[in-house]
Structure formats: structure tokens, C-alpha cells
Amino acid sequence: MPISVHVKEAVLIPPSEPTPNHILHLSSVDSQLFVRFTFEYLLVYKPRNGLDRAAITDSLKSALGRALVPYYPLAGRVRNRADGLGLEVVCRAQGAVFIHSVSDSTVSEFDGAPRRRTQWRKFLSLQVADALMGAPPVVVQLTWLSDGAATLAVGFNHCLCDGIGSGEFLNSFAHLATGKCGLSELDPKPTWGRHLLDTTSFGSSRIRNPSTHPEFRPVPDLCGFNSRFIQERLTPTSITFDESKLKELKKLTNSTFTSFEVLSGHVWRSWASALNLPANQIVKLVFSVDIRRRVKPTLPSGYYGNAFVLGCAETCVRELSEKGLGYAAELVKKAKERVGDEYVREVVEAVGPGRASVDPVGVLIMTHWSRLGLQSVDFGMGRPVQVGPLCCDKYCILLPVHDAAGGVKVKLAVPSSAVNQYLNFLKN
């Protein structure tokens, strides 16, 4: 049966207090082509006895307006700069969108992977297709389910914040809703500082050819890679690795790799093998690396803009398959280690307006959501029992697992012809 979601209210929430009226430039990292979209979270809360739905709904609306005071650019509107040198946000207290809805769904329907990639799409009714066409940068939808459970779906304009920044905003929003703190007590306090990751801060260009960085360098397409993901239906998958399974993976490598290095290597190998790609096809694992402590000077606490670059592990399918998990994990480790201050400065120069972007051939993109603090977002309904993307896609997302410290859930949509092999490789 199709999911039914009935919207009862949709309102624009401005900052609850006066905020600066001006235009702010976004950084070169914020302006890059790779982040010009809306990313969306879905948090699922289990039923709780005696919960006052009306009070919770009203507290969220009020707290959103208060959170938009220190985070006032999130109430603005993003657009291209007139000089063509990047993006800017027009801050006029325009507001964020809050939607209140009800559904006949139950909490159990969110266990595991959805049957279809967009099965849960209705839980965020306002879908922003173009992040630069005047849409609100933040959309929040609270949906009460038929069994007393609830979902909270949130869309963020990626040009304004990254995963860490959005996690800090959501936790501050929740603390304000539950009275755990006031505006003056937010920790960390949001910091703008976008000039710190702009080309104007770094002087002359340090990178003449973007293709010297593997994430930007195109590789030959030996198998119609891109067309396959367009023409073939993608099937969502969700597999959980608890702490004991991660330890087993580490033992296979006979080395001291981190959980991320072995798990991402394992997922990458399973994905490439299941797609049955040519042995000499070059494949890449591209993943976000937080640079807040990797640049000099380090970025200030509360910096909620895009503060990541892309690490890139690269090899051919034959070597990825034959050389084992340790080889893949070592490639991931080295890709992380390459990211230092000089590397970041090169990337900032490379991703300037209209310049370098990721070539998708042979690429698996992975992002790590298990350390964003999403599992702690409590609006008075307890902590979420499920945390994940609103829609499952060809990008791999590593997620936290409720009540399982150290566990990681892997969500990825795979071409239907390869899904059984992928799951078999991943589980074994």
C-alpha cells in the first residue's frame, strides 16, 4: 500500500528576534558544484506514553524560531554572486519552513531498508529541487504516526552547512525545544568565518591542474558505468555491522586499521565485485574528510559551513578483488593521511567557481553520518531509534545504530541485477 501522509500545517518560521540584515559571501568550498543540493535526514522516534503531541509540536515551532537567531543565515536565501565568483546568502530574516503532518504508518515500517528508494519521500513534503532558486535553506517536518511514534525529517541546503554543522544545529534546536539551555548557553556557539576557506585567503593559486588530485581526474569508462545507474532500477539495502563484526573484519587484515578503514574497504570491494566490472576498470572510493583540525590555523569551534574535502582511494577492479581487504583498507588509510593543510589549500583553489568537480565514472561516494550526533537529537520524544537519509541512493551512508555503541549501519542503493551478489559479499 502507498504511504499516506496528511499535511495539517505548513508555515514559514522567521528568527524570533531581530537579526542582521545583510549579504554574506559563502566560501569556495561552500560554492563548489559538488554541494549545490539539499541533503535530508529522517529521524524516527518510538511511541511514548503520555506524550502531549500539541505541546511537542508547539515547542518545535517556537524553538526553530529561536535557533534561527544565532544561525540566522539558515533563515536567508542562497544565490549566485553577481560577479560570478561563487555564492552568497541574502539575510533578510526570510525564515525556515515548518510542516506538521500525520500518517497511518507505524514505527516498525522504518526498520531496515525501504522497498523503494523514494518510499519515505512524503515525510518531507517540500522537496527543494534547486538550492539556488530562492528556496528556504532549512525545511523541518514533524509527522505523527498512527501508533504514537513520530518522524522528524529535515532538509538542509548543503551550500550553507555540512554534516557536522547540521548536527550541531539540530542538537541546539532540540536543546532549545526541551529547555536544556537558552540562546546564551548554546554549545558550541555557531561561527560564520567563511573567509577562512576561501581562495582570497590563500593568495596565488597552488594547483595548476585539478587532475593532479585523483578525485577530480577522469578515468576511462570501459563498461558504460554511468548509464547503468540511470537505466537500471536501484534497490535499497541496509546492513548492520555490530562491534563484534567490525573486530572480525579487522582481524582479517592483520593490521591496526580503524573501523572506518576496514568497513569502507569491505563495502568498496563488495560493491565493485557485485557490479561485475571489467578487471582493468579503474574504480575509486571517494569519502568526506573533516578538515576542521587539519588546516592551519584550525577552524574555530562552532564553524558550521562546509569544512571537508574528499579523500580518494583508487585502484583497478582486479587488484581490489585479488589483493584482499588489507589492501583496500591501506588505500583508504593513505587517502586520509594525504589530507593536510597544503592538500586542503590545493583543493580550495581547485574547486573555485566553475572549476574542478568529481568525475562519476567508477566512483563509489561514501559519507560518514555515525559521528554527527544525530542519534542524540531529543525533542522531548527520547532519542531516535532510527537515523538515516530520507531517500536511499547510490551514495553509501554509514549510520549510527540505536543502543549499539560502536555499531555501524551501511545504507546503499545498488543496481537490481547486482543486489544479491552485493549482499552476499558484504555478509561474508
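**Notebook: helix packing, strand β5 and loop residues**

I began with a pair of helices and noted that α2 passes α3 in a right-handed crossing. The model I consulted is a predicted one.

*Entry 1: α2 and α3.* I looked up the extents first: helix α2 covers residues 53–67 and helix α3 covers residues 163–178. Their axes come within 8 Å and cross at roughly 125 degrees. An angle over 115 degrees but not over 145 counts as oblique, and α2 and α3 are therefore oblique to each other. I then listed the residues that make the contact. From α2 they are Ser59, Leu60, Ala63, Leu64, Arg66 and Ala67, and from α3 they are Phe169, Phe173, Leu176 and Ala177. Sorted by class, this contact has 8 nonpolar residues, 1 polar and 1 charged.

*Entry 2: α6 and α8.* I turned next to helix α6 (residues 259–274) and helix α8 (residues 324–337), which pack at about 120 degrees with axes 8 Å apart. This pair is therefore oblique as well, and α6 passes α8 in a right-handed crossing. On the α6 side I recorded Phe260, Glu261, Val262, Ser264, Gly265, His266, Trp268 and Arg269. On the α8 side I recorded Gly324, Leu325, Ala328, Ala329, Leu331, Val332, Lys333 and Lys336. The contact divides into 8 nonpolar, 4 polar and 4 charged residues.

*Entry 3: α6 and α10.* I found that α6 also packs with helix α10 (residues 419–427), at an angle of about 150 degrees and with the axes 8 Å apart. The crossing of α6 and α10 is right-handed. Its contact residues are His266, Val267, Ser270, Trp271, Ser273 and Ala274 of α6, together with Gln421, Tyr422, Phe425 and Leu426 of α10. I counted no charged residues in this contact, which has 6 nonpolar and 4 polar ones.

*Entry 4: strand β5.* I examined two residues of this strand, beginning with glutamate 88, which has its place in β5 (residues 87–91). Is glutamate 88 buried or exposed? Its relative accessible area is 8%, and under 20% means buried, so I entered glutamate 88 as buried. Its side chain is joined to that of arginine 79 by a polar contact of 2.6 Å. Beyond its neighbours within four places in sequence, glutamate 88 is in contact with residues including Ile23, Leu24, His25 and Leu26.

Leucine 87 lies in β5 and counts as buried, at 0% relative accessibility. Setting aside residues up to four places away in sequence, I noted the residues that leucine 87 touches, among them Asp30, Ser31, Arg36, Leu132 and Cys159. I also looked up the separation of leucine 87 and threonine 200, which are 113 residues apart along the chain: their C-alpha atoms are separated by 14 Å.

*Entry 5: cis peptide bonds.* I recorded a cis bond from aspartate 187 to proline 188, with omega near 0 degrees. Proline 188 lies in the loop between α3 and α4 (225–231). The bond from lysine 296 to proline 297 is cis too, with omega near -5 degrees. Proline 297 is in the loop between β10 (282–290) and β11 (308–316).

*Entry 6: positive phi.* Asparagine 254 is not a glycine, yet I found its phi positive, near 55 degrees. Asparagine 254 lies in the loop between α5 (243–253) and α6 and counts as exposed at 73% relative accessibility. Asparagine 276 has a positive phi of about 55 degrees. I placed asparagine 276 in the loop between α6 and β10, where this residue counts as exposed at 66% relative accessibility.

Key:
Residues are numbered from 1 along each chain as its sequence is written. This is a predicted model: local features need pLDDT of at least 70, side-chain atom pairs count only at pLDDT 80 or more; totals for chains, interfaces and linings use all residues. Side-chain values use heavy atoms; hydrogens and water are left out. Axes are lines fitted to C-alpha atoms, for helices over the stretch in contact, and angles run from 0 to 180 degrees between N-to-C directions. Helices (H or I, at least four residues) and strands (E, at least two) are DSSP runs, numbered from the N terminus. Angles under 35 degrees count as roughly parallel, over 145 as roughly antiparallel, 65 to 115 as roughly perpendicular and the rest as oblique. A crossing is left-handed if the near helix is turned anticlockwise from the far one by less than a right angle, and right-handed if clockwise. Contact means heavy atoms within 4.5 Å. Ala, Val, Leu, Ile, Met, Phe, Trp, Tyr, Cys and Pro count as nonpolar, Asp, Glu, Lys and Arg as charged, and the others, Gly among them, as polar. Buried means under 20% relative accessible area, exposed over 50%, partly exposed in between (1.4 Å probe, protein chains only). A polar contact is a pair of N or O atoms within 3.5 Å; within protein, one must be able to donate a hydrogen and the other to accept it, and residues adjacent in sequence count only if both atoms are side-chain atoms.
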